[in-house]
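Hi,

Here is the model I promised to pass on. Have a look at it first, and then read on for what I found.

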Amino acid sequence: MNDKRLNICVDIDGTITSPYYFLPYLNKLLGTDVGEEEYLSTDWNKVFGKEHAPLFKHFDELCPESYDVADLLEDADKYINKLAESSNIYFVTARKKCLYERTLLWLKNNGLEKFKTYMLGHNNKGDIAKDLNCDIFVEDNPENAHNLAEAGFRVILMDTKYNRELRHDNITRVNSWKEIYRIIQDLGYN
Ligand SMILES: [Mg+2]
């Protein structure tokens, strides 16, 4: 048993939300029909086609309501709140600041309102992980996870169709928040 409080950074999209909730909105906007099975990369150019690129960057302004309907991953609220009894939890997302109020409301509606939330607007999470003395980063995005792992952070990777290729000594792949909780418990800090 160790008294240290772990600093746990937690991504939002695809880590505490369902990974594919925005697909219907994006398909409607682009006039495409990409299903979950085909969503094999976080690079929208690859998945939807480069010809749609001009619309990608306006998605947040054109479809902000998509963020409201995101389903919480099973028991994410329960296990994050349990972890918070003996760890510091920080939400660290690449979402843009224009989604701040929406995101806070969603977190509140899902029982996760009490944690500090950083909305970076970009995918470089290494600096903030360092600033927060991050011990564990829970992430789904393969590029972010790889970069964090390369920088020496321990990453717990929520398994998705678009990150299945990723392997790294600092990355532990999981399928549920129950599993994440068990892994962190096994470290002996809780
Ligand atoms: Mg994510």
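A cut-off before anything else: a residue counts as buried if 20 or more other C-beta atoms lie within 10 Å of its own, as exposed if 12 or fewer do, and as partly exposed in between. Pro19 has 22 C-beta neighbours inside 10 Å, so Pro19 counts as buried. Please keep in mind that this is a predicted model.

Staying with Pro19 for a moment: this residue sits in the loop between E1 and helix H1 (23-30). Setting aside neighbours within four places in sequence, Pro19 has contacts with Gly14, Asp140 and Thr160. Tyr39 is 20 residues away from Pro19 along the chain, and their C-alpha atoms are separated by 9.7 Å.

Now the overall layout. The domain assignment splits the chain into domain 1, made of 6-19 + 71-186, and domain 2, made of 23-68. Their C-alpha centres are 22 Å apart. Where they meet, 11 residues of domain 1 are in contact with 9 residues of domain 2. Which elements give two or more residues to the domain 1 side of that contact? They are helix H6 (100-109) and helix H8 (142-150), and H6 gives the most, with 3 residues. By residue type, the domain 1 side divides into 5 nonpolar, 2 polar and 4 charged.

Next, the sheet. Six strands make an open sheet in the order E3-E2-E1-E4-E5-E6, and the pairing is parallel. Strand E3 (116-119) and strand E6 (171-174) are at the edges with a single partner strand each, so one side of each has no neighbour in the sheet. On average, neighbouring strands are turned by 20 degrees against each other, direction ignored.

If you want to walk through the pairings, start at E1. Strand E1 (residues 6-10) runs parallel to strand E2 (residues 87-93), and 5 bridges join them. Val10 stands opposite Phe91 in E2. E1 also pairs with E4 in the parallel sense, over 3 bridges, and here Ile8 stands opposite Ile136 in E4. E4 in turn pairs with strand E5 (residues 154-158), again in the parallel sense, over 4 bridges. Ile136 turns up in this pairing as well, opposite Arg154 in E5. The connection is worth a look too: E4, H8 and E5 make a right-handed β-α-β unit, and H8 is one of the helices named above for the side of domain 1 that touches domain 2.

In a regular strand, side chains alternate between the two faces of the sheet. Strand E4 (residues 136-139) shows Ile136 and Val138 pointing one way and Phe137 and Glu139 the other way. Are these four buried or exposed? All are buried, Glu139 included.

On to the backbone. Most residues other than glycine have a negative phi. Two residues to check against that are Asp75 and Asn133. Asp75 has a positive phi, near 60 degrees, and lies in the loop between helix H4 (59-62) and helix H5 (76-83). With 14 C-beta neighbours inside 10 Å, Asp75 is partly exposed. Asn133 also has a positive phi, near 50 degrees, and is found in the loop between helix H7 (126-131) and E4. Asn133 has 10 C-beta neighbours inside 10 Å and therefore counts as exposed.

Asp75 also leads to a residue in helix H9 (residues 177-186), namely Lys178. Not counting residues up to four places away in sequence, Lys178 touches Asp75 and Tyr79. Lys178 is partly exposed, because 14 other C-beta atoms lie within 10 Å. For a longer-range reference, Lys178 and Glu65 are 113 residues apart in sequence and 29 Å apart in space, C-alpha to C-alpha.

One last residue is Cys98, in the loop between E2 and H6. With 13 other C-beta atoms within 10 Å, Cys98 is partly exposed. Val69 is 29 residues away from Cys98 along the chain, and their C-alpha atoms are separated by 17 Å.

Over to you, and shout if anything is unclear.

Cheers

Methods: Residues are numbered from 1 along each chain as its sequence is written. This is a predicted model: local features need pLDDT of at least 70, side-chain atom pairs count only at pLDDT 80 or more; totals for chains, interfaces and linings use all residues. Domain bounds come from an automatic or database domain assignment. Two residues are in contact if their C-beta atoms, placed from the backbone, lie within 7 Å. Ala, Val, Leu, Ile, Met, Phe, Trp, Tyr, Cys and Pro count as nonpolar, Asp, Glu, Lys and Arg as charged, and the others, Gly among them, as polar. Two strands pair if DSSP finds at least two bridges between them. Axes are lines fitted to C-alpha atoms, for helices over the stretch in contact, and angles run from 0 to 180 degrees between N-to-C directions. A crossover is right-handed if, with the strands pointing away from the viewer, the path from the first strand over the helix to the second runs clockwise.
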